[in-house]
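Work through the exercises below with the sequence and the model open. Try each task before reading its solution.

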Amino acid sequence: MNLSRPARLLLRTALVLGLGVIYVPLAVVILNSFNSDRTFGWPPPGLTFQWWHSAWNSSGVRDALWTSVQAGLGATAIALVLGTMAAFAVQRYRFFGKNSVSLLIVLPIALPGIVTGIALSNTFHTVLGIPLGMLTVIVGHATFCVVTVYNNVLARLRRMGLGLEEASADLGADTFTTFRLVTFPMMRSALLAGGLLAFALSFDEIIVTTFTSGAGVRTLPIWIFENLFRPNQAPVVNVVAAALIVVSIVPIYLAQRLSGETTTH
Amino acid sequence: MTASAALGDGEAAGLRRRVAAFLHRHARVRLSLLLSAPLAWLGLAYLGSLAALFVTAFWSTDTFTGDLVKVFTWANFQDLVTGEVYRTVALRSLWVAAAVTVIDLVIAFPMAFAMAKLASPRSQRWLVILVLTPLWASYLVKAYAWRVLLSSGGILGWGYGLTATIATLSYLWLPYMILPIYAGLERLPNALLDASGDLGARGWRTFRTVVWPLTFPAVVAGSIFTFSLSLGDYITVKIVGGKSQLIGNVVYDNIGAANNLPFAAAVATVPVLIMLVYLAAVRRTGALDNL
């Protein structure tokens, strides 16, 4: 490519600066979690582990964490089933309205979260008469998590082709055996990647959660938001935020490794 | 194992084989089974909920009891159109969403280009991870990080308001813009850039006549995210926006404090309509395949 040297330099600088902008605020949160000044004076007058200690001992934080894990696991399980089914239908068959299926699956994340939130809450509340709680949170989260599984499985099916499955059928395996011994093992890592991303999406969600959780269920993001404007809780909120940043690195690293293995050749 | 259990196993295996053979022969049945659950969930339950919400927008609430009055009325939409406040808020939200999209595009394109065309394949993978990782860090945490940065004693210290909101939203959705553009640029063969150069085009001309038209669908795909996510946001505004209000806040306040679901539903149709118009407009560019 015939880009001039200054142009290359400029683009590389933009990349480095951009990544800097992305990471500096996150680094500040992590640093502030050790800031001995309650109001996050900058630069920090001293470093302390005190806030991490009090966050660890906070029952509110622990309960919220457990609630988030439950909601995430429930939503991920549903998303895995629905996303895989939809991906198979779209990738392996021709049918009327095929393009609409993709659109339908993207819709819950393409529409503003508040719309999905109040639409579902209205259905639970006034149409079905289901009390808001953990179940409704899981249903809400699953709705927008389907897309991550769908995308991952669809991409894998595209790459897989039909050859091995046809060979399996020619060798006498029926539909179920072929799925168990050939198809499923080949898409296992795609499912894991999609599932991890679905879990991360659910773990982080606040808007749909606000409208579908009622009063009893408090996920970690809801807990943070409730305590965000309380000055005396600020250091603990900051620790939870810092912990979430660190924790989010794990699923994305794993997902990348799992789905990236075939693209590196 | 007893004889009857063995017989049961044999029957089960036979049934299984028959079902498998039936499914193998009938592709339409397989397809219907695969589509049934996703369509019941997203097509019936989710779209149904959206439809029910839309119907609610034409109802009203009893001023004294706060109960829903299920009688058709245009009143909510009349209030929405004639209310000076709502027009201002809607226009402000549109403006914020557009500003965020443009800012993200300007920052994301050079970054994506450097990632896709200048970095070595090995570092490319790491760069993608670097851009992806903060995407999965909590939305709330990132908005919070900016609250700390922008606070009067913080590093930036701009204070809160509409500018702070635009800056924070641009920050939040930046990876959503980088990744589709990066994917689009990666699909763009280097040979085309070389050919353009061999035919005498310099950097800027190659960008304008080759790179931009071919990556435009990817740019639009990114803009769907930045635009839609900004349009529906009410949390960031609450965290760094000071007293500013966007459409999302009006919806939120009408559900919470005012307990007026019909009016909230009417207001909520505004961002949905805007997004549907946007999606319909960009469908031709092939952007939806880039999501």
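**Exercise 1. The fold of chain A**

Which pattern does chain A follow when read along the sequence?

Solution.
- Start with the status of the coordinates: this is a predicted model.
- Count the elements. Chain A has eleven helices and zero strands.
- Read them in order. The pattern is α-α-α-α-α-α-α-α-α-α-α.
- Add the dimensions. Along the principal axes, the C-alpha atoms of chain A fill a box of roughly 70 × 65 × 30 Å.
- Check burial. Chain A has 265 residues, and 47% count as buried.
- Check contact range. Take the contacts in chain A between residues at least 6 apart in sequence: 75% of them join residues at least 24 apart.

**Exercise 2. Domains and annotation**

Find the domains of chain A and describe how they meet.

Solution.
- Take the bounds. Domain 1 of chain A spans 16–48, and domain 2 spans 59–260.
- Take the spacing. The centres of these two domains, over C-alpha atoms, are 31 Å apart.
- Count the contact. Domain 1 of chain A gives six residues and domain 2 of chain A gives seven.
- Sort the domain 1 side. It divides into three nonpolar, two polar and one charged residue.
- Compare with the record. An unreviewed UniProt entry annotates residues 65–255 of chain A as "domain: ABC transmembrane type-1".
- Describe that span. Residues 65–255 of chain A are 83% helix and 0% strand, with the end C-alpha atoms 22 Å apart.

Now turn to chain B. What does its domain assignment give?

- Chain B has domain 1 (3–56) and domain 2 (85–290).
- Their centres, taken over C-alpha atoms, are separated by 39 Å.

**Exercise 3. The interface**

How many residues of chain A are in contact with chain B, and which element of chain A gives the most?

Solution.
- Count both sides. 71 residues of chain A are in contact with 77 residues of chain B.
- List contributors. Elements giving two or more residues on the chain A side include α1 (5–32), α3 (59–92), α6 (134–160) and α11 (234–260) of chain A.
- Pick the leader. α1(A) gives the most, with 14 residues.
- Sort by class. The chain A side has 52 nonpolar, 15 polar and four charged residues.

**Exercise 4. Two glycines of chain B**

B:G232 and B:G153: is each one buried or exposed?

Solution.
- Locate B:G232. This glycine is in the loop between α9 (203–231) and α10 (235–240) of chain B.
- Apply the cut-off: a residue is buried if 20 or more other C-beta atoms lie within 10 Å of its own.
- B:G232 has 26 other C-beta atoms within 10 Å, so B:G232 is buried.
- List partners beyond four places in sequence. B:G232 is in contact with A:P112, A:G113, A:I114, A:V115, B:G248 and B:P271.
- Locate B:G153. This glycine is in the loop between α6 (139–150) and α7 (162–187) of chain B.
- Apply the other cut-off: exposed means 12 or fewer.
- B:G153 has 11 C-beta neighbours inside 10 Å, so B:G153 counts as exposed.
- List partners, again leaving out residues up to four places away. B:G153 touches A:T39, A:G41 and A:W42.

**Exercise 5. The nonpolar core**

Which residues have the most contacts inside the largest nonpolar core?

Solution.
- Size the core. The largest one has 162 residues.
- Name the hubs. A:I118 and A:V240 have the most contacts inside this core.
- Follow one of them. Residues up to four places away aside, A:V240 touches A:A55, A:V61, A:L220 and A:I224.

**Exercise 6. Transmembrane spans and confidence in chain B**

Where does UniProt place the feature "transmembrane region" in chain B?

Solution.
- Read the record. The unreviewed entry places the feature at residues 33–59, 94–114, 126–146, 158–179, 210–231 and 261–281 of chain B.
- Test one span. Residues 94–114 of chain B are 100% helix and 0% strand, and the end C-alpha atoms lie 30 Å apart.
- Test another. Residues 158–179 of chain B are 82% helix and 0% strand, with end C-alpha atoms 29 Å apart.
- Check confidence. The mean pLDDT of chain B is 86, and 95% of its residues reach 70 or more.
- Find the extremes. Within chain B, confidence is lowest in helix α1 (residues 3–25), at a mean of 75, and highest in helix α4 (residues 84–118), at 93.
- Finish with the model scores: ipTM is 0.83 and pTM is 0.83.

How values were computed
Residues numbered from 1 in each chain as written. Chains lettered and ligands numbered in written order. Predicted model: local features only at pLDDT ≥ 70, side-chain atom pairs only at ≥ 80, totals over all residues. Helix = DSSP H or I, 4+ residues; strand = E, 2+ residues; numbered from the N terminus. Contact = placed C-beta atoms within 7 Å. Nonpolar A, V, L, I, M, F, W, Y, C, P; charged D, E, K, R; others polar. UniProt positions renumbered as here; feature names shortened; annotations may be inferred. Domains from an automatic or database assignment. Core = buried A, V, L, I, M, F, W, Y, C linked by C-beta atoms within 7 Å. pLDDT = per-residue confidence, 0-100.
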